[in-house]
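Me: I am new to this structure and would like to go through part of it step by step. Please show it first.

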Amino acid sequence: MSGRNGGQFKPREVVHVHAVSPERDALEITFPRVAGYRADFPRERIDIDLSRLDPYVLDPDRVRAATNVTMAGIIGARHTLDLEHLRDQRLSTVAFHLANYWVSEKLRDANGEPKTHLFTHAKRIVLQWLRSDRVVYKGGCQPAQLLYLQLADEVCELLMGALLDQPGGESIIRATLDPFMPEGSTIDVNFPTSKAGRHTPRADRSHLNYIVTDSDWEAKFAQLLDEHPEVLAYTKNQNLGFEVPYSEQGEARTYLPDFLVRLRTPEGSDPMTLVVEIKGYRGHDAALKAETMRNKWIPAVNRLGTHGRWAFVELRSLHDFRDEFDAAIEALVAATEPA
């Protein structure tokens, strides 16, 4: 094919990315395919660990508002709320409506009935959150704007992930697996690509023949994994089927983290896997994904007990991953050691 100046276009090389089987099957990484989450509510009360939550930033971009906005709210039909009206809303009133929505839509039993006896606890938790430093208001935004339906749903989903069965207790979140394919594996990776960004991993570090990279950061991280003494195996999450369900403004979405890394463990110990996200700019969407990983996916999967111990880390020091990566490994190892 001729180019604009009479030259020839050189077609991109297409390579076949696949698991090297059976030669590298010892490096296979398996993972649970989580389809969703459920809550195992205690009978008497619920509590919350606010330290698990990153600050929730409420700004005009989140509410698409300036001085007047019309949007569906959780307290009735579509209505208009201006900033003067919003300022008049007492924090306890906001907490009441958020808690009522939370109980009626999220805190339900196995039969789908709202757990109304938890309303008092839900209101206490919402008020505690509203009064904490876990909420940041910018650009003149007001707490009452959290009553808009999509934002209320988002807040309730975040609070669900930080719920405990009792003060200082365990997370109440459980994983629901895909009933048709409950487990995924690197053995299933098999696709062609013409992407120029690809790394050839060490034959004793990855089940795959190529690691497809979308940035120089990912290529640099793959090189680190090839040499790191605590890494047994790793894979890029490219056509792997590793998906994390999360919610943004009431809409179901899917998050694909960057890497899965299997770590060295003491003999006889369960396998340890670190889910790694390489993130420079961190917007609101990235924060929701990280919250879901830390407060829902990780504790829910660890409670399953079928795939070893898991943890999650965001690597933000793009010029030097090593310290953050080592700290995440140390934290995961410490969590698995007997008390």
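Me: In what order do the four strands of the open sheet lie?
Reply: The model is predicted. The pairing in this open sheet is mixed, and the twist averages 20° from one strand to the next. The order is β15-β18-β19-β20.

Me: Which strands stand at the edges of the sheet?
Reply: An edge strand here has a single partner strand, so one side is left without a neighbour in the sheet. β18 pairs with β15 in the antiparallel sense over five bridges, and β18 also pairs with β19 in the antiparallel sense over five bridges. The strands at the edges are β15 and β20.

Me: Which residue of β18 is the bridge partner of A233?
Reply: β15 covers residues 231-236, and five of its six residues are buried. Its partner β18 covers residues 259-263. The bridge partner of A233 is R262.

Me: How far apart are the end C-alpha atoms of helix α7?
Reply: Helix α7 has 21 residues, 284-304. At 1.5 Å a residue they should span 30 Å, and the distance in the model agrees with this. The end C-alpha atoms are 29 Å apart.

Me: On which residue is the kink in α7 centred?
Reply: α7 is mostly covered, with 17 of its 21 residues buried. The kink is about 40°. Its centre is M293.

Me: At what angle to β20 does helix α8 run?
Reply: α7 lies across β19 and β20, at about 165° to β20. Helix α8, residues 322-336, lies across β15, β18, β19 and β20. The angle of α8 to β20 is about 160°.

Notes: Residues are numbered from 1 along each chain as its sequence is written. This is a predicted model: local features need pLDDT of at least 70, side-chain atom pairs count only at pLDDT 80 or more; totals for chains, interfaces and linings use all residues. Side-chain values use heavy atoms; hydrogens and water are left out. Helices (H or I, at least four residues) and strands (E, at least two) are DSSP runs, numbered from the N terminus. The expected span of a helix is 1.5 Å times one less than its number of residues. The bend at a residue is the angle between axes fitted to the seven residues ending there and the seven starting there. Buried means under 20% relative accessible area, exposed over 50%, partly exposed in between (1.4 Å probe, protein chains only). Two strands pair if DSSP finds at least two bridges between them. Axes are lines fitted to C-alpha atoms, for helices over the stretch in contact, and angles run from 0 to 180 degrees between N-to-C directions. Contact means heavy atoms within 4.5 Å.
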